[in-house]
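Student: Please take one part of this model and examine it closely, then follow its links outward into the rest of the fold. I would like one connected account, with the cut-offs behind each term.

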Amino acid sequence: MRQGAALALTIAFAVSGCVSVTEKTTLQPQRLTAVQGAATPLRCPATLVEVEDARPAGESAGMFGNRELRFEGAATLIKDQLLASGLTEAKRAGAMDVLVRLKRLYMSQQHGINTPVVVLEVTVDRMAPVLIRPRAPSVNWWGSEQELYDDLGAAVTLANREVIAGLNTRCATSYVPAR
């Protein structure tokens, strides 16, 4: 009897629309929209030793509506943006050594608010690590895929800008970059 009731209840939920299908979506890094505006350039030499993907959930990047997000190659995206900001992979004399660990990268959506989360742990010259976590919540107007990319891209850009700003505070005031 119990099995019959459980089966009837399962069928009733399925037919009534109470059961939703989750769609797996792999995010495309090239579609992330960077925040526009003048970025602060790196004012002294810094070597990007490594960008490690240390996300505990692996490539899972949260949920957006009924989409289970996956973000493959997130560490490469962080690395490419930092290199474009002035860090180099080649060691130079007097350069700071910078190690970045990507601790979190996901999208949270609740009650019409998108909250992209990016957490970077930055270690400079083997000093105590610093956590970078920009705040970039936004209103979710349409629930569109473009909003997802815009918001997540803004959070990644803001996190990398904070990394550069932090490195600039460690630069000697007399250093003038070579042109």
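Tutor: Of the 12 residues of β6, 10 are buried, so this strand is largely enclosed by the rest of the structure. Buried here means under 20% relative accessible area, exposed means over 50%, and partly exposed is the range in between, with a 1.4 Å probe and protein chains only. Strands (E, at least two residues) and helices (H or I, at least four) are DSSP runs, numbered from the N terminus. The model is predicted, with local features needing pLDDT of at least 70 and side-chain atom pairs pLDDT 80 or more, while totals for chains, interfaces and linings use all residues. Residues are numbered from 1 along each chain as its sequence is written, and side-chain values use heavy atoms, with hydrogens and water left out.

Consider the neighbours of β6 (113-124). β5 and β6 run antiparallel and are joined by 12 bridges; strands are said to pair if DSSP finds at least two bridges between them. Along this pairing, Val-98 has Val-124 of β6 as its bridge partner, and Arg-101 has Glu-121. The two strands form a hairpin with 2 residues between them, and His-111 in the turn has a positive phi of about 50°. β5 is also joined to β2, in parallel, by 7 bridges. Arg-101 in β5 stands opposite Glu-52 there.

β6 pairs with β7 as well, in the antiparallel sense over 3 bridges. Leu-120 has Ile-132 of β7 as its bridge partner. This second hairpin has 5 residues between its strands, and Asp-125 takes a positive phi near 50° within it. Arg-126 is placed in the loop between β6 and β7, and its phi is near 60°, again positive in a residue other than glycine. Most residues other than glycine have a negative phi. With respect to solvent, Asp-125 counts as partly exposed at 39% relative accessibility, whereas Arg-126 counts as exposed at 84%.

The next matter is the nonpolar core to which β6 contributes. A nonpolar core is a set of buried Ala, Val, Leu, Ile, Met, Phe, Trp, Tyr and Cys residues joined through side-chain atoms within 4.5 Å. The largest has 35 residues, and those with the most contacts inside it are Leu-87, Val-98, Val-100, Leu-120 and Leu-167. At least two core residues come from each of β2 (46-53), β3 (60-64), α2 (74-84), β5 (96-110), β6 and α3 (145-170). The largest share, 8 residues, is given by α3. Val-100 illustrates how these parts meet: apart from residues up to four places away in sequence, it touches Leu-48, Glu-50, Val-51, Glu-52, Ile-78, Leu-82, Leu-120, Glu-121 and Val-122. Contact means heavy atoms within 4.5 Å.

Two of the residues touched by Val-100, Ile-78 and Leu-82, lead to α2. In this helix, Ala-74, Ala-75, Leu-77, Ile-78 and Leu-82 are buried. They cover an arc of only 160° around the axis, which puts them on the same side of α2; the arc is that of the directions from the helix axis to the C-beta atoms. An α-helix has 3.6 residues a turn, so residues three or four places apart point the same way. The cover over the buried residues of α2 includes β2, β5, β6 and α3. Just after the helix, Gly-86 takes a positive phi of about 125°.

A covalent link involves the segment after α3. The structure holds 1 disulfide, that is, a pair of cysteine sulfur atoms within 2.5 Å. It joins Cys-44 and Cys-171, whose sulfur atoms are 1.9 Å apart, and it is left-handed, with -70° about the S-S bond. Cys-44 lies in the loop between β1 (23-26) and β2 and Cys-171 in the segment after α3, so the pair ties together parts 127 residues apart in sequence. Cys-44 is buried at 9% relative accessibility, and Cys-171 is buried at 11%.

As for the whole protein, there are 3 helices and 8 strands, in the order α-β-β-β-β-α-β-β-β-β-α along the sequence. Buried residues make up 35% of its 179 residues. Among contacts with a separation of 6 or more, 73% are between residues 24 or more positions apart.
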